[in-house]
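Biologist: I should like to understand the reasoning behind the terms used for this model. Please set each value against its cut-off before you conclude.

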Amino acid sequence: MARQYELAALRANASNLQAEARIRDRLIHLWQVAGLPMDEARSIAASFQINPSWEAILASVRRSGSQQGIKDLWTAYNGRNYALANDLLLSTSIVLQEESSAAAAAKAADEASTAIVAEATEEVKRAKTELDALGLRLEATDPEYRLKLDRLEPEIKRITATYPPSEWAQRFEAAYLALRL
């Protein structure tokens, strides 16, 4: 039984070492992107160890934003606090990705709402054009058109408030034809 626990502990330790190695590789890449030469990037990344307080650092960078995270990162780097600099670099990288995703989502939502408003505006324009054409046709054929139009004013307001623009002309015509003076 003790042997099983020892094997499980060894597997967990090996998994943690693999995770640290992947994180170190990512740190080397991030330090190089930040402008450090490969040797210095490797040297700084080598000091990385999984840090129990890293989540608190990530939460702090999330609260203050990536720009402040970058400033804090360089302050730690210049102060040769490489362990903190590594944690800040990882945290800032994550927050930058989150901010980027949030900005992209906000942009997509804004574009979608703009498209919806444009579509609705176009639908209203089409409906008004249909109503104008219907009004011209009715006025040309019915000498009582103006009088009927005045009487239908409340009904027109109800139709435009209740129904989609695509139904306005049809419903106005039905109300107009049903009106008897």
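Modeller: The model is a predicted one. I propose to begin with S91, which has a relative accessibility of 0%.

Biologist: Why is S91 called buried?

Modeller: The term buried applies under 20% relative accessible area. S91 has 0%, and therefore S91 counts as buried. The residue lies in helix α5. Setting aside residues up to four places away in sequence, S91 touches W54, I57, L58 and V61.

Biologist: What makes A118, which also lies in helix α5, partly exposed?

Modeller: Partly exposed covers the range between the 20% limit for buried and the 50% limit for exposed. The relative accessibility of A118 is 45%, so A118 counts as partly exposed. From A118 to A169 the C-alpha distance is 21 Å, with their positions 51 residues apart in sequence.

Biologist: How do you know that N51 is partly exposed?

Modeller: The relative accessible area of N51 is 25%, and therefore N51 is partly exposed, given that buried requires a value under 20% and exposed one over 50%. N51 is placed in the loop between α2 (38-46) and α3 (54-64). Apart from neighbours within four places in sequence, N51 is in contact with I57 and D87. The C-alpha atoms of N51 and L181 are separated by 86 Å, the two residues being 130 apart along the chain.

Biologist: Why are α4 and α5 described as roughly antiparallel?

Modeller: The axes of α4 (residues 66-78) and α5 (residues 82-141) cross at roughly 165° and come within 8 Å. That angle makes α4 roughly antiparallel to α5, because angles over 145 degrees count as such. The crossing of α4 past α5 is left-handed.

Biologist: Which residues of α4 and α5 meet?

Modeller: On the α4 side they are S66, G69, I70, D72, L73, A76 and Y77, and on the α5 side Y82, L84, A85, L88, L89, T92, V95, L96 and E99. The residues of this contact divide into 11 nonpolar, three polar and two charged.

Biologist: What makes α5 and α8 roughly parallel?

Modeller: The axes of α5 and α8 (residues 168-178) come within 8 Å and cross at roughly 30°. Angles under 35 degrees count as roughly parallel, and α5 and α8 are therefore described in that way. In this contact, V124, A127, E130, L131, L134, R137 and L138 of α5 meet W168, A169, F172, E173 and Y176 of α8. The residues concerned are nine nonpolar, no polar and three charged.

Biologist: How do you know that the buried residues of α8 line one face of the helix?

Modeller: The buried residues of α8 are W168, A169, F172, A175 and Y176. Viewed down the axis of α8, these residues fall within an arc of 130°, so they line one face. The face turned away from that buried side carries the exposed residues Q170 and A178. The buried residues of α8 pack against α5, α6 (145-151) and α7 (153-162).

Biologist: Why are the buried residues of α2 said to line one face?

Modeller: In α2, A41, I44 and A45 are buried. Seen down the axis of α2, they fall within an arc of 95°, and therefore they line one face of the helix. D39 and S43 are exposed on the other side of α2. As a general matter, an α-helix has 3.6 residues a turn, so residues three or four places apart point the same way.

Conventions
Residues are numbered from 1 along each chain as its sequence is written. This is a predicted model: local features need pLDDT of at least 70, side-chain atom pairs count only at pLDDT 80 or more; totals for chains, interfaces and linings use all residues. Side-chain values use heavy atoms; hydrogens and water are left out. Helices (H or I, at least four residues) and strands (E, at least two) are DSSP runs, numbered from the N terminus. Buried means under 20% relative accessible area, exposed over 50%, partly exposed in between (1.4 Å probe, protein chains only). Contact means heavy atoms within 4.5 Å. Axes are lines fitted to C-alpha atoms, for helices over the stretch in contact, and angles run from 0 to 180 degrees between N-to-C directions. Angles under 35 degrees count as roughly parallel, over 145 as roughly antiparallel, 65 to 115 as roughly perpendicular and the rest as oblique. A crossing is left-handed if the near helix is turned anticlockwise from the far one by less than a right angle, and right-handed if clockwise. Ala, Val, Leu, Ile, Met, Phe, Trp, Tyr, Cys and Pro count as nonpolar, Asp, Glu, Lys and Arg as charged, and the others, Gly among them, as polar. The arc is that of the directions from the helix axis to the C-beta atoms.
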